[in-house]
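Here are my comments on the model you asked me to look over. I have kept them to numbered points, so that each can be checked separately against the coordinates.

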Amino acid sequence: MSKTKTISLTVGAFVAGALISLNFPALADKEAKPGLPIEELRTFAEVYSAIKQGYVEPVEDKKMITNAISGMLANLDPHSAYLDVDAFKDLQVGTQGEFGGLGIEVGMEDGLVKVVSPIEDTPAYRAGVKSGDLIFKLDDTMVKGLTLSEAVKKMRGKPKTPIKLSIIRKGETKPIELTLVREVIKVQSVKSKLIEPGYGWVRITQFQENTIAELAKHVTGLYKDGNKLQGLVLDLRNDPGGLLNGAIGVSAAFLPPDVKVVSTDGRTEDAKQEFRARTQDYLRGTKEDPLKAMPIEAKKVPMVVLVNGGSASASEIVAGALQDHKRAVIVGTQTFGKGSVQSVLPLPGNTAIKLTTARYYTPEGRSIQAKGITPDIVVEESLNGNAAASMRLREADLDRHLSNDRDKEAPKADTKPQAKTPAKSGKDKNGKEEAEDELPQRLEYASKSDYQFQQAINLLKGLQIMQNKTQ
């Protein structure tokens, strides 16, 4: 056995078919091995033998050992997992922003597939799949009894082939059945537009291999034709995370050189690292720094960062770094709270394990695990609040989630609808009373109906007025 293995850091929610990251050597035999638990291993051997000899049908040794490995990892925390050949391949391919499937970020709860969030512009998003949905059947196969990898594999398939999802949704009295058609999922990492002269919007949907270069291109585009920005909105809502170096690069785009962005800490020396706003910490496999092309004014333009309960991991790293350095005002609602780092250890046969090896911390040393980033200004998703948002799944709601080691009182996410002003009502064409929807089912980001975004623009304009008065 070699003294070191090449593994990969990942810092995203469990995205079906995405995430792999920055290489570093770890998990070497640096600690003295404790004594083997002889009695427990003897029990394991007896159970193994009993299954081999007495189970109603023959079971292959390979399957039994694979199941044992999968069980060991699955019972540690929500993010550690065994990756078979297909799952490992999907993990690697997904970071390039293109993979096959339905476009759902998923986890496991009580043996069912739980939707963390549908990805924008995908079959799941268009069909109305929602965060918090529990998928209990895939076509005619019950999910109960499947591992998460097995369930994900069933949701994948050739493009243009259909699959029926049977869903339990909170607030609905009967199951919901949706038929989705698989397609190649191409996630556009960065989007942008000039809202009005002087004010720009940049949205990051997921942190991928090309995110830093795409961000530089989009921000530069906002400054074209002599346009001078007076305010910029960085939209990280419903961004589940992705590559660690992507989060460092995005932070570096708006921070002074060499300031601390994030640190990690775990049991091994290799898990104790500090990452700064410098090229060696965010460049991967390229000699050219794409951030050099960005206008220098982007380092000082007044900024608002939009976050919500779907902003996880890499998104929280960026929000936490910009907040601690007082570079931007964080606006929105409490973030997801995934502050742990997963290392991908390749195994023989093109398989791997994804193991939680460290927690990450903001520049001021705050742990986000099971807590999240608290906005500087809390703005709900609509004027009257949003009950659905208050019931959104967060890290603290996941079974066996890792504790917050620096804030023992980190609260569990509130799953009760918050009190709010009743929605406006009116009359339909027949004269009957009907309530207006507080929030569109699929919000158009940076639009007139996007309440949080509109408040962010108002805040930026207010900051600009205050700045002018000071000058």
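The points below go from the chain as a whole to two helix contacts and then to two groups of paired strands.

1. The model is a predicted one, and the remarks that follow should be read with that in mind. The protein chain holds 11 helices and 24 strands, and of its 471 residues 51% are buried. If one takes the contacts between residues at least 6 apart in sequence, 71% of them join residues at least 24 apart.

2. The helix packing can be described pair by pair, beginning with α6 and α7. Helix α6, which spans residues 211-222, packs with helix α7, residues 244-254, at an angle of about 25°, and their axes are 9 Å apart. Since angles under 35 degrees count as roughly parallel, α6 and α7 are therefore roughly parallel to each other, and their crossing is right-handed. On the α6 side the contact is made by Thr211, Ile212, Leu215 and Val219, while α7 contributes Asn245, Gly246, Gly249, Val250, Ala253 and Phe254. By class, the residues of this contact between α6 and α7 comprise 6 nonpolar and 4 polar, with no charged residue.

3. Helix α7 also packs with helix α9, which covers residues 314-324, at an angle of about 25° and with the axes 9 Å apart. Here too the angle leads to a simple description, in that α7 and α9 are therefore roughly parallel to each other, and the crossing of α7 and α9 is right-handed. The contact is formed by Leu244, Ala247, Val250, Ser251 and Phe254 of α7 together with Ala314, Ile317, Val318, Ala321 and Leu322 of α9. The residues of the contact of α7 with α9 divide into 9 nonpolar and 1 polar, again with no charged residue. Val250 and Phe254 of α7 are named in the contact with α6 and also in the contact with α9.

4. Strand β7 deserves a separate paragraph, with its surroundings taken before its partners. Of the 5 residues of β7, which runs over residues 134-138, 4 are buried, so the strand is largely enclosed by the rest of the structure. Strand β6, residues 112-118, pairs with β7 in the antiparallel sense over 2 bridges, and within this pairing Lys114 stands opposite Leu134. Strand β9, residues 162-168, is likewise antiparallel to β7, and the two pair over 4 bridges.

5. The remaining partner of β7 to be discussed here is strand β8, residues 141-142, which pairs with β7 in the antiparallel sense over 2 bridges. Lys137 stands opposite Met142 in β8, and Lys137 also stands opposite Ser166 in β9. The hairpin of β7 and β8 has 2 residues between the strands, and in this hairpin Asp139 takes a positive phi near 55°.

6. A further group of strands is built around β16, residues 260-265, which is joined by 4 bridges to the antiparallel strand β17, residues 273-276. In that pairing Lys260 stands opposite Arg276 of β17. Strand β16 also pairs with strand β21, residues 351-361, in the antiparallel sense over 3 bridges, and the bridge partner of Asp265 in β21 is Arg359.

Methods: Residues are numbered from 1 along each chain as its sequence is written. This is a predicted model: local features need pLDDT of at least 70, side-chain atom pairs count only at pLDDT 80 or more; totals for chains, interfaces and linings use all residues. Side-chain values use heavy atoms; hydrogens and water are left out. Two strands pair if DSSP finds at least two bridges between them. Axes are lines fitted to C-alpha atoms, for helices over the stretch in contact, and angles run from 0 to 180 degrees between N-to-C directions. Angles under 35 degrees count as roughly parallel, over 145 as roughly antiparallel, 65 to 115 as roughly perpendicular and the rest as oblique. A crossing is left-handed if the near helix is turned anticlockwise from the far one by less than a right angle, and right-handed if clockwise. Contact means heavy atoms within 4.5 Å. Ala, Val, Leu, Ile, Met, Phe, Trp, Tyr, Cys and Pro count as nonpolar, Asp, Glu, Lys and Arg as charged, and the others, Gly among them, as polar. Buried means under 20% relative accessible area, exposed over 50%, partly exposed in between (1.4 Å probe, protein chains only).
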